[in-house]
Amino acid sequence: MPPLATHDETSPVETSRENAGTGTGAELGSMAQTATFRRAAARVRRKQALDEQKRSFLRMVSHELRTPLNAVIGFSEILSCELYGPLGAPQYKEYAQLVHDSGQKLLRLVNQIVEIARLEGHVTDLDLGAQDLDEAVEDVILQLRGEARTREINIIAPEVGLLPGLKADGRGLRTILTNLLQNAVTHSPQGGMVVIEARQVPGAMIEIAIRDHGDGVDPIDLPRLIRPFEQGGSTLTRASEGAGLGLPIVDLLARAMGGALRLKSAPGQGFTAVVTLPEAHGRAGLARAHP
């Protein structure tokens, strides 16, 4: 019996089904690319909406907390100064001064919390440009001069004015310097000295070091000090009031501006905070020493 004949032709229906199931490589690639673009665009829109919500929340918190605090600080200052006449018993003046001082501390804490929330949420708008380091240091020293004089602390800034300018945000640079200098003044002994130094380092960077001659801390504690709200056995965090936000804010601001923060210390050898920020072409003023 002759073998059965075989038929190898694929029917048009089967061929059509295979083509419909697979499609051309170009068509499939285009569809996948379009889907990827859509997903990416949706993620960007969600992120933009979330960032705007964060900005709105921070604006609301900032306004709703700062406005009553400013009233408390202002009116308590009027009372403590007895601007409109004597209050009577001397205790009233003392209490008004306590209210004023407490309001100032609370306002500083609110400002720090809002600032660190902005930085951690990446909703801070930094205006990076050439900044005069000498001018920024001068502004911060003037701001802290009263406290330094009270504690007889000598603040020295040698040769800062001879360096090129920085590429930084003006307000952010002053926030960094204020937090570091405030920290150094707070933890310096009575009649001590705080030194601000700056120099060029490889990689078109400027290194700013602020050094005090206080008790210092154990090197093992240094990484913990740049974590928000850290308090503990360190003399750096226990010796003064605060929520432990100054150094974390400096760290976040420095990184946001293309730089970094590192800390150096040892028990009995003082504390040094070193911030590196990008260099910008420009000439600062003359070097100064500030009592």
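Reader: What makes the contact of Glu207 and Arg199 a salt bridge?

Author: In this predicted model, the N to O distance between their side chains is 3.1 Å. The cut-off is 4 Å between a side-chain nitrogen of Lys or Arg and a carboxyl oxygen of Asp or Glu. Glu207 and Arg199 therefore meet the definition of a salt bridge.

Reader: Why is Glu207 called buried or exposed?

Author: Its relative accessibility is 11%. Buried means under 20%. So Glu207 counts as buried.

Reader: And how do you know which class Arg199 belongs to?

Author: Arg199 has a relative accessible area of 46%. Partly exposed runs between 20% and 50%. Arg199 is therefore partly exposed.

Reader: What makes Glu197 and Arg211 a salt bridge?

Author: Their closest N and O atoms are 3.3 Å apart. The limit is 4 Å, so the pair qualifies.

Reader: Where in the chain do Glu197 and Arg211 sit?

Author: Glu197 is in strand S4 (residues 193-201), and Arg211 is in strand S5 (residues 205-212). They are 14 residues apart, and the pair links distant parts of the chain. Glu197 has a relative accessible area of 34%, and Arg211 has 28%. Both values lie between 20% and 50%, so both residues are partly exposed.

Reader: How do you know that Arg255 and Asp251 form a salt bridge?

Author: Their side chains meet at 3.0 Å, N to O. That is within 4 Å, so the name fits.

Reader: What separates Arg255 and Asp251 along helix H8?

Author: They are separated by about one helical turn, because they are 4 residues apart in helix H8 (residues 246-256).

Reader: Why do Arg255 and Asp251 get their labels, buried or exposed?

Author: Arg255 has 51% relative accessibility. Exposed means over 50%, so Arg255 counts as exposed. Asp251 has 9%. That is under 20%, so Asp251 counts as buried.

Elsewhere, salt bridges that share partners join Glu135, Asp139 and Arg174 into one network. A search of the whole structure finds 6 salt bridges.

Reader: How do you know that helices H4 and H5 meet?

Author: Contact needs heavy atoms within 4.5 Å. Residues of H4 meet residues of H5, among them Glu135 and Asp139 in H4 and Arg174 in H5. By class, this contact has 11 nonpolar, 4 polar and 4 charged residues.

Reader: What describes the way H4 passes H5?

Author: The crossing is right-handed. The axes of H4 (residues 133-150) and H5 (residues 170-186) come within 9 Å and cross at roughly 35°.

Notes:
Residues numbered from 1 in each chain as written. Predicted model: local features only at pLDDT ≥ 70, side-chain atom pairs only at ≥ 80, totals over all residues. Heavy atoms only, no water. Helix = DSSP H or I, 4+ residues; strand = E, 2+ residues; numbered from the N terminus. Buried < 20%, exposed > 50% of the residue type's maximum accessible area, 1.4 Å probe, protein only. Axes fitted to C-alpha atoms, helices over the stretch in contact; angles between N-to-C directions. Left-handed = near helix turned anticlockwise from the far one by under 90°. Nonpolar A, V, L, I, M, F, W, Y, C, P; charged D, E, K, R; others polar.
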